[in-house]
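Please look over the sequence and model below. The report takes a strand with its partners, then a helix, then a sheet.

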Amino acid sequence: MKYIKAFNVIPTMPEKLKPLQELASNFWWGWNADAFNVFRHIHPDQWTAVGHNPVKFLSQVSQERLQELSQDEGFLFNLSRVLEACRGYMNRKSWFQTRWPNAQSFLVAYFSAEFGINEGLPMYAGGLGVLAGDHLKSASDLGVPLVGVGLAYSKGYFRQYLNQDGWQQERYVENDFYNMPMTLMRDGVGDVMAVDVELPGRVVTSQIWKVQVGRVPLYLLDTNLPQNTPEDRNITAQLYVGNAEIRLQQEIVLGIGGYRALVKMGLQPTITHMNEGHSAFLALERIAQHMDKDRMSYKEAKELVAASSLFTTHTPVSAGNEVVSNDMVERYLSNYYRKFGMSSEEFYGLGRINETDPHEPFGMTVLALKMSSRANGVAKLHGVVSRKMWRGIWPQFPESEIPIDHITNGVHVNSWISMEMSELFDRYLGPRWLEEPGDQKIWERISEIPSAELWRTHERRRERMVGYVRRRLRRQLQERGCPHEEYEMADQVLDPDALTIGFARRFATYKRATLLFKDLDRLTKLVTDKNHPVQIIFAGKAHPHDDPGKRLIQEVERISRRADLRRHIVFLEDYDLNCAHYLVQGVDVWLNTPRRPMEASGTSGMKAVFNGAINLSILDGWWDEGYNGKNGWAIGRGEDYTDTEYQDLIESSALFRILENEVVRLFYLRGPDDIPEHWVKLMKQSMTTLGPVFNTNRMVTEYTEKFYMPLTLRRDTLAARQFEGIRELATWKAKVREAWSGVKVETVIVEPKHEWSVGAKLPVQATIILGRLTPKEVRVEIYFGQIDGNQNLYNTQTVAMTPEDGQQGGRVLFKGEIPCGSTGQHGLTVRVLPAHPNLAQRTETNLITWSE
């Protein structure tokens, strides 16, 4: 039956309890233990049952209980105290305000396909979304002016369950946005704010929801509206659908619709930050709007957009980067290239590594890289991998100069640390550990925590985790229809005192969840040792279309149901943020076994660090730079393999060797007080060295200082005086591109001496044909370094050469000298690049000429 009028019913809240609604509307409560406990105190079981969704929770609490609480002076006092803390947090002077007091117009728009804020807002799939959520939380803590932009998924990501054969099944649960901490944006007269995007033959409308994350607003677009067709209402239904066309539609709504939503709300971001390539179309929309509003040409608008765009790539495997077929690009985006005055092939080239290859599909990552003046990977090693993977876009530049930097990921400490560990830190580290988690000196006070206190705190969390695992396992076995005696045994799995290893993440084949199963006899002996037992908890989802990943889950489930192993190995279904909290706060060892270098960063191990767990991992992602030989264990030494079967054999053997000879021995090496002193020392070393580095406050500070502010300053410079700098730069680039074919290195003269002493200066001269360009419009460099066994240069450096006065026939003599700083065989060459004071980096024009 169709309705004729929609309306929303809200609970009747006693006046004294109305502050609960204010708290519920801001996810600040999710990382403040006192605020969390305010809701939990009302009805613990009901709070858990609603998945920590405070709006739905308050709608289900009985009026009798609400009336009872309105007369409870202790509860009211605590509520008042927490509300005061929340308001104080929102209004206090921030790091950003202190650092940049005059940056009133500064605003970052952070676009992401998913945001993992809290289990009460289930619109995330995994690590990308959780990182985006932690990015927003730390931006809030630091006071960085930032807004998030994403999609409001009516069904979110799938809920996982296993059938009797252990095969992953998926179901989707409808999200009731009106019973979630979300608010519909309305205009001045109370009408719902909405934006349109054009799809083939139709217009799709999205309404805008607002989620408050501390001081940061997150805006989510929702196409589930009556005026849209049933198919278009489902555009924002599910996260990461398998249908390529629906994903393209989602990306159009996210990028194009998302930017239009900001404009509709009167927001004017100075920087747009694309978290992965899903939102890359926003660059096209920004160009179009600048062309209309500021009367710019396409090339001028593109310069301005690139100057104020940052792109973060997360995918170290080429196949994992989103691509769109050219025919879909034609059907969905041809209006843009017509507006830009481009041919279809020129437009397709924006998304191709090889712009002239008609068979190459349109890459979202390629588009984002070409439309951003700055880009970064999410760990040091990932930066190296990304430069290698995308160097084809800049084929004439050395790999080390490919314009992809790195900022290593982190986690929002207060969202992941247990309440017990947080209280322990408060006592011994002081309150500043939470406000300034990047301060190394604060973390050095970890050594002052008595070993017994740290160990007992960690033991309590392990006990709670075991209780949680038993309850969850019992429920999943019941729902699977297992015999009564089987789910009754769930109460006997795991030992609260045994060494516990956690492995929880997406079940992709490269993450190798079953590496320990390569030798089942050895594994069985390890986990069933009566004197030194070991237990392993697995959790994670495979993408609905990833059958190899599903087979890994099936294998883990099969092994965990063996009679001799079922008390020692557990697989938990439907891994979510709540489950993640219990695991990272309770395990002793966090295991990570990716196939190097396919892990971009990984953050789950960072979350475990702050709770006293110790990492045991392949040297990949963040662990490649976090491991120092004394703060955990490394599997291998960072080797790369071509034979994956051989790699699995070697690394599984190494993993067993570390577990048997080091991990188990150290854990069970106890003193008279039953405290594993050597283990606790390792816990402290891990926290002290990793804590100040791998947190999102450090990460967002780095993004702000390294990218956001420099990009803003450059944009302001180029936009001054009615965009005079932009117009001049675009005109100059057009001139240089047209003239570049005439630029050549005619001769290079080096003194014919084969041996030079360390400390000497080797003079070099080069005659450069500049054609229609002047010496000020180029940078001539000596490019030099050591020579490897393949006759290639490495450990390279550059020295700028200076022009001599006079120019004859377009020829200019440049001179320079290079220092002889080390012994061995060295080599040099000369190159020419365009030079302009407003270029962001040397690769920006993608023009370079080398001596032959």
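## A strand covered on both faces

This is a predicted model. Both faces of strand β8 are covered. One side carries V216, L218, L220 and D222, all buried. The other side carries P217, Y219 and L221, again all buried. The strand spans residues 216-222, and seven of its seven residues are buried. Buried here means under 20% relative accessible area.

## Partners of β8

Strands of a sheet pair through backbone hydrogen bonds, either parallel or antiparallel. β8 takes part in both kinds of pairing: β2 runs parallel to β8, while β7 runs antiparallel to β8.

The parallel partner, β2, covers residues 146-151 and is joined to β8 by four bridges. In this pairing V149 stands opposite Y219 of β8. Y219 is one of the buried residues of β8.

The antiparallel partner, β7, covers residues 202-213 and is joined to β8 by seven bridges. Here I208 has L221 of β8 as its bridge partner. L221 is buried as well. β7 and β8 form a hairpin with two residues between the strands. In that hairpin G214 takes a positive phi near 65°.

## Helix α10

Helix α10 runs over residues 244-264, 21 residues in total. From first C-alpha to last, α10 reaches 29 Å. That is close to the 30 Å expected at 1.5 Å a residue. There is a bend all the same: about 30°, at G257. Most of α10 is covered, with 16 of its 21 residues buried.

Both ends of α10 have a local feature to check. At the start, a side-chain oxygen of N243 comes to within 2.9 Å of the backbone nitrogen of E245. Just after the helix, G266 takes a positive phi of about 80°.

## A four-strand open sheet

Further along the chain, four strands form an open sheet. Their order is β24-β23-β27-β28, and the pairing is antiparallel. β24 (793-800) and β28 (849-850) stand at the edges. Each has a single partner strand, so one side of each is left without a neighbour in the sheet.

What joins β23 and β27? Nine bridges link them in the antiparallel sense. β23 covers residues 778-787, and β27 covers residues 826-834. Within this pairing, R779 has L833 of β27 as its bridge partner.

How values were computed: Residues numbered from 1 in each chain as written. Predicted model: local features only at pLDDT ≥ 70, side-chain atom pairs only at ≥ 80, totals over all residues. Heavy atoms only, no water. Pairing = 2+ DSSP bridges. Buried < 20%, exposed > 50% of the residue type's maximum accessible area, 1.4 Å probe, protein only. Expected span 1.5 Å × (residues − 1). Bend = angle between axes of the 7 residues up to and from the residue. Polar contact = N/O pair within 3.5 Å; in protein donor to acceptor, adjacent residues only side chain to side chain.
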